[in-house]
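Subject: Handing over the structure

Hi,

Here is the structure I promised to pass on. Have a look at it first, then read my notes below.

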2 protein chains.
Amino acid sequence: METSRAHRPFRRLLETRALTARTPTTGGPDQGLPTGVTAVEVTPGRDIPEATVARLPIYLRALTSLAEAGTGTCSSEDLATAAGVNSAKLRKDLSYLGSYGTRGVGYDVDYLRYQIAREIGVTQDWPVIIVGIGNLGHALANYSGFRSRGFRVVALLDADPARHGSVVAGLPVRAFDELAQITTEQDVAIGVIATPAAAAQSVADAMVAAGITSVLNFAPTVLSVPDGVDVRKVDLSIELQILAFHEQRKAPLPAQEETA
Amino acid sequence: METSRAHRPFRRLLETRALTARTPTTGGPDQGLPTGVTAVEVTPGRDIPEATVARLPIYLRALTSLAEAGTGTCSSEDLATAAGVNSAKLRKDLSYLGSYGTRGVGYDVDYLRYQIAREIGVTQDWPVIIVGIGNLGHALANYSGFRSRGFRVVALLDADPARHGSVVAGLPVRAFDELAQITTEQDVAIGVIATPAAAAQSVADAMVAAGITSVLNFAPTVLSVPDGVDVRKVDLSIELQILAFHEQRKAPLPAQEETA
DNA sequence: GTCAGTTTGTTCTCACGTTCACAAACTCCT
DNA sequence: AGGAGTTTGTGAACGTGAGAACAAACTGAC
C-alpha cells in the first residue's frame with residue numbers, strides 16, 4: 001500500500017486535467033493560489049495521512065448538508081460541529097489538501113465541497129460490482145446513498161442459480177462467472193463482497209484475477225490479497241462487540257458506587 | 001467517554017464473580033497466576049487501549065475458527081496469521097488482558113477464547129433492539145452472526161404503521177413508541193439505528209431517554225448524545241469513498257510510468 | 001540434571017495522530 | 001487609512017500506537 005502511493009510525479013497533472021473536464025460550482029481552479037507561484041510548485045496534499053483520508057468523506061457529507069441548508073460560507077468551527085470533530089483537527093486535515101479557506105472569513109461551502117470531492121475522486125461516478133445478493137446484498141443494491149455519493153452499481157452477481165434473473169434494485173442478478181467479463185467491459189475497479197464467510201476468499205481471488213483493485217468486504221473473514229489491492233472490512237458484530245466491551249465497564253457500577 | 005471509564009475500583013471484583021458463574025472450558029480461573037501473588041494484585045487490563053479493544057473481536061473470531069478446525073493450542077504466530085495482524089502486536093494486545101499463554105508452548109485455544117470473550121463481555125448474550133426495518137434493518141434482523149457472537153435481537157421497531165405486525169426473522173415489527181417499555185422490561189442497553197438519516201437523531205434521543213447507553217448507527221448522520229452514551233457509526237458510502245481515494249491514486253499511473 | 005530449542009511477555013524506540021496556541025491575513029467600522 | 005475583531009493555517013508539545021528485539025520461562029532430549 002505504501003509503495004503504491006510513493007512518489008507519483010504525474011498524479012497532480014492528471015488531476016488538473018480532470019478538473020477542467022468538470023468545472024467547480026463556484027470559483028475557478030486557480031482561486032486561492034498566491035500570484036507568482038506556479039501551479040506545480042504549490043501542489044499540496046502529496047501525502048495525506050490515513051486518518052485524515054478517513055475523515056474527508058465526513059466533511060464532504062457535512063458540507064453537502066450545509067449547502068442544502070442554504071449556507072454559502074462556513075467557519076472551521078461550524079463545519080467541525082456539523083462533522084462532529086474538533087475544529088483544530090478539521091483545519092489541519094484541510095491544510096493537507098491546500099489553502100482553500102480565507103482568513104477572517106471561513107470556507108466557501110460549494111468550493112470546498114468540490115475540492116474535497118476531487119481529492120477523494122468522486123467528482124465522477126465509480127462503477128461498483130456487488131457479489132452475494134442475500135439479505136445484505138439486497139440492502140446494499142437498494143442503498144441510494146451510493147449513487148448520490150459517487151458510485152454506480154453496475155452489476156449484481158450470485159453463485160446460486162436460483163437467484164439468477166431476478167431483478168433487484170432494477171438490475172438483474174447474474175451468474176458469478178460473468179465477473180471477469182463485466183469487470184473488463186465496464187472498467188470496474190471496486191468490488192463489494194456480501195457473501196457468507198466461506199465463499200469470501202474465493203470471491204476475492206476471482207475479483208483480483210478480474211482486475212479489481214479495491215474490495216469492500218462484509219463477510220466476517222480475513223481476506224488475503226496481493227500487494228496493490230486495497231481491502232476494507234465492515235463487520236457488524238465486531239462493532240457491537242466493541243460497544244459491549246464499553247457497556248460492560250459501565251453497567252455494573254451505579255449500584256456499587258453508592259456504597260463507596 | 002473517557003470520564004465514564006476512569007477509576008472503577010469494583011469492576012474487576014464483579015468480573016471475578018461472573019467468572020465463577022460460567023467456568024472456562026479448560027483450566028481454572030486461577031491458571032497462570034504466579035503463586036504468592038494475590039488475585040487483586042495481579043489483576044491486569046485496568047486500561048486497555050482502544051486500538052486493542054477494536055482487535056479483540058478479531059482475535060475472538062480467529063480463535064473460534066481455529067477451535068472449529070480442531071486446533072487445541074496455537075502460537076502467537078499462528079493466531080496472528082489467522083487474524084491478519086503482526087505477531088508482536090498480537091502478543092502485546094493479549095498482554096493487556098493478562099498472561100494467558102505459556103512460554104515455549106503457546107496459547108490454549110479454548111481457554112484464551114474464553115478469556116477474551118469474558119473481557120469483551122460476550123460470555124452471556126446482550127439484548128439488542130433494532131429501529132428502522134427497511135432494507136438494511138431486514139438484513140440486520142436476519143443476520144445470524146449476532147446470535148452466535150453474544151447478541152440477541154429482542155425487538156424490531158419502525159415508525160411506519162404499514163410495517164407493524166409483519167414478521168421479520170421471527171420477530172414482529174412493533175411501533176416505535178413501544179421503545180421505552182421494551183427497553184425497560186428487557187433491560188436493553190444496546191440499540192441499532194437503521195433508519196433514514198432524517199430520523200436518526202430523534203431515534204437516538206428516544207433511545208437515550210429510554211435508558212440505552214450504546215448505539216450502533218447506520219444512518220449517514222452525526223448523532224449528538226449525552227456523555228456516558230457510546231456511539232459507533234457504520235457508514236457504507238464512506239468506506240467506498242476511502243477506497244476510491246486510494247484507487248484514484250493508483251489508477252492513472254501504469255500508462256504514464258512507462259514514459260518516465 | 002543440563003542443554004538446546006521454542007515461544008511468551010515486556011521494554012525500548014520510532015512514527016503517527018491529536019491538540020494547543022499563535023502569527024498571518026482577511027473584513028469591517030470609523 | 002488605521003485599528004479592532006475574526007478566522008485560517010501551522011509549528012510545537014503531547015499522547016497513543018506499532019514494531020523490533022530480547023530476557024524470562026517453558027518443553028523435551030539425552
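**What I found**

Chain A has 13 helices and ten strands; both are DSSP runs numbered from the N terminus, with helices (H or I) of at least four residues and strands (E) of at least two.

Before you go further: this is a predicted model, where local features need pLDDT of at least 70, side-chain atom pairs count only at pLDDT 80 or more, and totals for chains, interfaces and linings use all residues. Residues are numbered from 1 along each chain as its sequence is written, while chains are lettered from A and ligands numbered from 1 in the order in which they are written.

**Chain A overall**

Of the 260 residues in chain A, 36% are buried. Buried means that 20 or more other C-beta atoms lie within 10 Å of the residue's own, exposed means 12 or fewer, and partly exposed is in between, with C-beta atoms placed from the backbone. Take contacts in chain A between residues at least 6 apart in sequence: 57% of them join residues at least 24 apart. A contact here is two C-beta atoms, placed from the backbone, within 7 Å.

**Helix 7**

Try finding helix 7 of chain A, residues 109–120. Its twelve residues should span 16 Å at 1.5 Å a residue, and the end C-alpha atoms are indeed 16 Å apart. (The expected span is 1.5 Å times one less than the number of residues.) Ten of the twelve residues are buried, so to speak mostly covered, including A:Tyr111, A:Leu112 and A:Ile116. What do the buried residues of helix 7 of chain A pack against? In chain A, the partners are helix 4 (50–68), strand 1 (73–74), helix 6 (87–97) and strand 3 (106–108), and chain B adds helix 12 (236–250). Just after the helix, A:Gly121 has a positive phi of about 100°.

**A small sheet**

Chain A also has an open sheet of three strands, in the order 1-3-2, with antiparallel pairing. Strand 1 and strand 2 (101–102) of chain A stand at the edges with a single partner strand each, so one side of each has no neighbour in the sheet. Strands count as paired if DSSP finds at least two bridges between them. Strand 2 and strand 3 of chain A are joined by two bridges, and A:Gly101 has A:Tyr107 as its bridge partner in strand 3.

**Around the DNA**

DNA strand C is surrounded by 27 residues, and the closest include A:Pro49 and B:Ser76. "Near" means a C-beta atom, placed from the backbone, within 6 Å of the strand. Helix 6 of chain B gives the most to this surface near DNA strand C, with five residues. There are 27 residues around DNA strand D too, with A:Ser76 and B:Pro49 among the nearest. For the surface near DNA strand D, the largest share, five residues, comes from helix 6 of chain A.

**Two copies**

How does chain B lie on chain A? A turn of 180° and a shift of 0.0 Å along the axis does it, with an RMSD of 0.1 Å, superposing by least squares on the C-alpha atoms of residues with pLDDT of at least 70 in both. That is the relation of a two-fold axis. The same surface serves both copies, as 100% of the contact residues of chain B recur in chain A.

Cheers
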